[in-house]
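Here's a walk through one protein model, from its central strands to its ligand shell. Keep the viewer open while you read.

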Amino acid sequence: MKEYKRRAPAYDVTSRKFLSLSQRVAIESLNPRRGEKILDAGCGTGEVTAGILQKTGDDGEVVGLDLSQDMLDIAMGRLLSYKKAVLVRGSLESIPYPDDHFSGVVSVNVIHYLCDLEQALKEFYRILKPGGRLVLVGFCTDYVWFALVERMWRVLIPSHVRAYSLEGLSHALEGAGFGSVTGRRLKMGWFWRSMVIEARIPQDVCHDIRQVQVPGTLALDVAK
Ligand SMILES: C[S@@+](CC[C@H](N)C(=O)[O-])C[C@H]1O[C@@H](n2cnc3c(N)ncnc32)[C@H](O)[C@@H]1O
């Protein structure tokens, strides 16, 4: 990500109030517990990762995943003292972890960069265990003037793809199979308009569904 090569050194200083608020809301909503395995998707400089590690302790594991090596380098410095921190370079649209691996995923101020939100939600669904929870914090287009600003960013900022309304993102989550989808809008200072959405993988979901093609028949979905 070219943008973050440039922004990484000053990232933690600019828009400080907005960053702290969105990161705090995300950690409170996720409410990580001791021993949990959590993914911080688009971890940037690792502030949320560090906040979660303080809660999950030495029995847990927190993976910070990001596309930008410059952001990950800063995260590495921040997370040196945590034994259970793992940093991985990769994309939310193709997460290098097996199915049912994490009990929680959090992603703060990242979804507006995604070219394929549907694919990222599929990936979150795949790597979360049944009952696992997802917390997304991102810009919210439900405020008319902020929606206009966001439209301008689409033209002016090459890496900015699009932001969503609370209803739009909730529908996308439900479409990806998530249940218990709840969200609220967040006013952060006079400018930033955001939202937090929480969702869960249903407890009784069976991820082990394979497409089995019996010659001469239609394809069947069979649980292992
Ligand atoms: C605004 S920063 C947010 C960082 C962090 N979550 C925080 O709250 O400070 C957005 C981050 O998302 C990362 N990013 C953007 N698109 C991504 C993708 N498709 N996969 C992984 N990371 C991505 C960028 O490299 C950047 O570090």
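## Strand E4 and its partners

Strands E4 and E5 (residues 128–139) run parallel and are joined by six bridges. Within that pairing, Val105 sits opposite Leu134 in E5. The link between the two strands goes by way of helix H5 (residues 117–127), and together E4, H5 and E5 form a right-handed β-α-β unit.

E4 also pairs with E1, again in the parallel sense, this time over three bridges. There, Asp40 has Val106 of E4 opposite. How much of E4 is covered? Seven of its seven residues are buried.

## The model as a whole

Before going further, bear in mind that this is a predicted model. The average pLDDT of the protein is 89, and 87% of the residues score at least 70. The stretch to watch is residues 209–224, where the pLDDT is below 50; apart from near neighbours in sequence, that stretch has 14 contacts in the model. Where pLDDT is low, predicted coordinates shouldn't be read in detail.

As for the overall inventory, you're looking at seven helices and nine strands. Of the protein's 224 residues, 38% count as buried. Take the contacts between residues at least 6 apart in sequence: 65% of them join residues at least 24 apart.

## E1, E2 and E3

Now for the other strand pairings. Strand E1 (residues 37–41) pairs with E2 (61–66) in the parallel sense over five bridges. Asp40 turns up here too, with Gly64 as its bridge partner in E2. So Asp40 can be followed in both directions: it stands opposite Val106 in E4 and is bridged to Gly64 in E2; both partners are worth displaying together.

On to strand E3 (residues 85–89), which runs parallel to E2 and is joined to it by five bridges. Asp66 is found opposite Arg89 in E3. To get from E2 to E3 the chain passes through helix H4 (residues 69–78), in a right-handed β-α-β crossover. Why is E2 largely enclosed by the rest of the structure? Because five of its six residues are buried.

## Helix H3 and Thr49

The connection between E1 and E2 is made with H3, and the three elements form a right-handed β-α-β unit. H3 spans 47–56 and is mostly covered, with seven of its ten residues buried. Those residues are Glu47, Val48, Thr49, Ala50, Ile52, Leu53 and Thr56. What do they pack against? Their packing partners are H2, E1, E2, H4, E3 and strand E4 (102–108). Just past the helix, Gly57 has a positive phi of about 70 degrees.

Thr49, which lies in H3, makes a handy close-up. It counts as buried because 26 other C-beta atoms lie within 10 Å. Leaving out residues up to four places away in sequence, Thr49 touches Asp40, Cys43, Val62, Gly64, Ala75, Leu79 and Ala85. Two of those names, Asp40 and Gly64, are the bridge partners met above. You can also check Thr49 against Val63: 14 residues apart in sequence, their C-alpha atoms are 7.4 Å apart in space.

## Glu174, for contrast

Next, a residue from another helix. Glu174 belongs to helix H7 (residues 166–175). Buried or partly exposed? Glu174 is partly exposed, since 13 other C-beta atoms lie within 10 Å. For a distance to try in the viewer, pick the C-alpha atoms of Glu174 and Leu121: the two residues are 53 apart along the chain, and the atoms are separated by 9.9 Å.

## Around the ligand

Finally, the ligand. There are 22 residues around it, and the ones that come nearest are Gly42, Gly44, Ser68, Val108 and Tyr113. By type, the shell divides into 13 nonpolar, six polar and three charged residues.

Which elements each supply at least two residues of that shell? They are helix H2 (16–30), helix H3 (47–56) and strand E2 (61–66). Two of these, H3 and E2, are also part of the right-handed β-α-β unit with E1, and H2 is one of the elements that the buried residues of H3 pack against.

Technical notes. Residues numbered from 1 in each chain as written. Predicted model: local features only at pLDDT ≥ 70, side-chain atom pairs only at ≥ 80, totals over all residues. Near = placed C-beta within 6 Å. Helix = DSSP H or I, 4+ residues; strand = E, 2+ residues; numbered from the N terminus. Nonpolar A, V, L, I, M, F, W, Y, C, P; charged D, E, K, R; others polar. Buried ≥ 20, exposed ≤ 12 C-beta atoms within 10 Å, placed from the backbone. Pairing = 2+ DSSP bridges. Right-handed = clockwise from strand over helix to strand, strands pointing away. pLDDT = per-residue confidence, 0-100. Contact = placed C-beta atoms within 7 Å.
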